Amino acid sequence: ASAGTSVDTPPAGGESQHPRIITLATPPFTITHVNAAWCDLCGYCADEAIGKTLSMIQGTGTDRAQLRRMMHDVKHACASSATITNYRKDGSSFLNYVRVYPLTNDEGGATSGTAPSHYLGVLESLTIAGA
């Protein structure tokens with residue numbers, strides 16, 4: 001696993017073309033920030049997402065085994081990735097490649113032994129628009 005990213009980096013609401021989300025590092029991983037690209041992809045506005053959990057975009061087609069594997073990595077402060085089906089506010093599904101990175105409050109990152117304070121999730125939709 002690579003070193004964590006400092007929380008001093010721009011929040012998920014910063015300029016990024018990829019949908020980004022930041023959660024607290026402790027269960028239930030409450031959402032603290034989302035960017036406009038995440039809102040566009042998932043159909044929720046920031047006010048609807050902040051304070052909620054990622055279960056809001058999970059559904060019957062979300063691969064629980066992949067989620068368990070990612071949770072194992074997260075519990076060990078490791079970066080992780082998976083291809084997962086998630087759901088928009090309107091109930092439509094989308095396939096996405098999600099990458100999760102631990103964020104820390106110090107410059108040493110995860111290699112310094114400091115536990116992550118947050119996690120950054122970067123989504124990449126693999127669903128073709130209109131399909």
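A contact here means that heavy atoms lie within 4.5 Å. With that in hand, take the contacts in this protein between residues at least 6 apart in sequence: 43% of them join residues at least 24 apart. Please keep in mind that this is a predicted model.

Let me start with the overall layout. The protein has six strands and three helices. Reading from the N terminus, the order is β-β-β-α-α-α-β-β-β. There are 131 residues in the protein, and buried ones make up 39% of them. The protein exposes about 6900 Å², and 55% of that comes from carbon and sulfur atoms.

Now to helix α3. This helix covers residues 64-75, which is twelve residues. From the first C-alpha to the last, α3 reaches 16 Å, close to the 16 Å expected at 1.5 Å a residue. At its start, a side-chain oxygen of Asp63 comes to within 2.9 Å of the backbone nitrogen of Ala65. After the helix comes Ala77, which has a positive phi, near 55 degrees.

Which residues of α3 are buried? They are Leu67, Met70, Asp73 and Val74. These residues sit on the same side of α3, because they cover an arc of only 120 degrees around the axis. On the other side of the helix, Arg68 and Lys75 are exposed. What do the buried residues of α3 pack against? Their partners are three strands: β4 (80-87), β5 (93-104) and β6 (118-125).

Next, charged pairs. How many salt bridges does a search of the whole structure find? It finds two.

One of them is inside α3, where the side chains of Arg69 and Asp73 meet at 3.5 Å, N to O. The two residues are four apart in the helix, so about one helical turn separates them. Arg69 is partly exposed, with a relative accessible area of 35%. Asp73 has a relative accessible area of 18% and counts as buried, because the cut-off for buried is under 20%. Asp73 has therefore come up twice in this talk: as one of the buried residues of α3, and as a partner in this salt bridge.

The other salt bridge joins the side chains of Lys89 and Glu48, at 2.3 Å, N to O. Lys89 is in the loop between β4 and β5, while Glu48 is in helix α2, residues 46-49, so the pair ties together parts that are 41 residues apart in sequence. Both residues are partly exposed: Lys89 has a relative accessible area of 44%, and Glu48 is at 27%.

Last, one residue to look up in the structure above: Cys42. Where is Cys42 placed? Its place is in helix α1, residues 36-42. Is Cys42 buried or exposed? At 0% relative accessibility, Cys42 is buried. Leaving out residues up to four places away in sequence, Cys42 touches Ile57, Arg88, Lys89 and Phe94. Lys89 is a name you have heard already, from the salt bridge with Glu48. There is also a pairing in space to note: Cys42 and Asn86 are 44 residues apart in sequence, and their C-alpha atoms are 8.5 Å apart.

To go back over the main points: α3 has buried residues on one side that pack against β4, β5 and β6. The search finds two salt bridges, and the pair of Lys89 and Glu48 ties together parts 41 residues apart in sequence. That is the end of my part.

Methods:
Residues are numbered from 1 along each chain as its sequence is written. This is a predicted model: local features need pLDDT of at least 70, side-chain atom pairs count only at pLDDT 80 or more; totals for chains, interfaces and linings use all residues. Side-chain values use heavy atoms; hydrogens and water are left out. The expected span of a helix is 1.5 Å times one less than its number of residues. Buried means under 20% relative accessible area, exposed over 50%, partly exposed in between (1.4 Å probe, protein chains only). The arc is that of the directions from the helix axis to the C-beta atoms. A polar contact is a pair of N or O atoms within 3.5 Å; within protein, one must be able to donate a hydrogen and the other to accept it, and residues adjacent in sequence count only if both atoms are side-chain atoms. A salt bridge is a side-chain nitrogen of Lys or Arg within 4 Å of a carboxyl oxygen of Asp or Glu. Accessible areas come from the Shrake-Rupley method with a 1.4 Å probe; for residues, only the protein chains shown count as cover.
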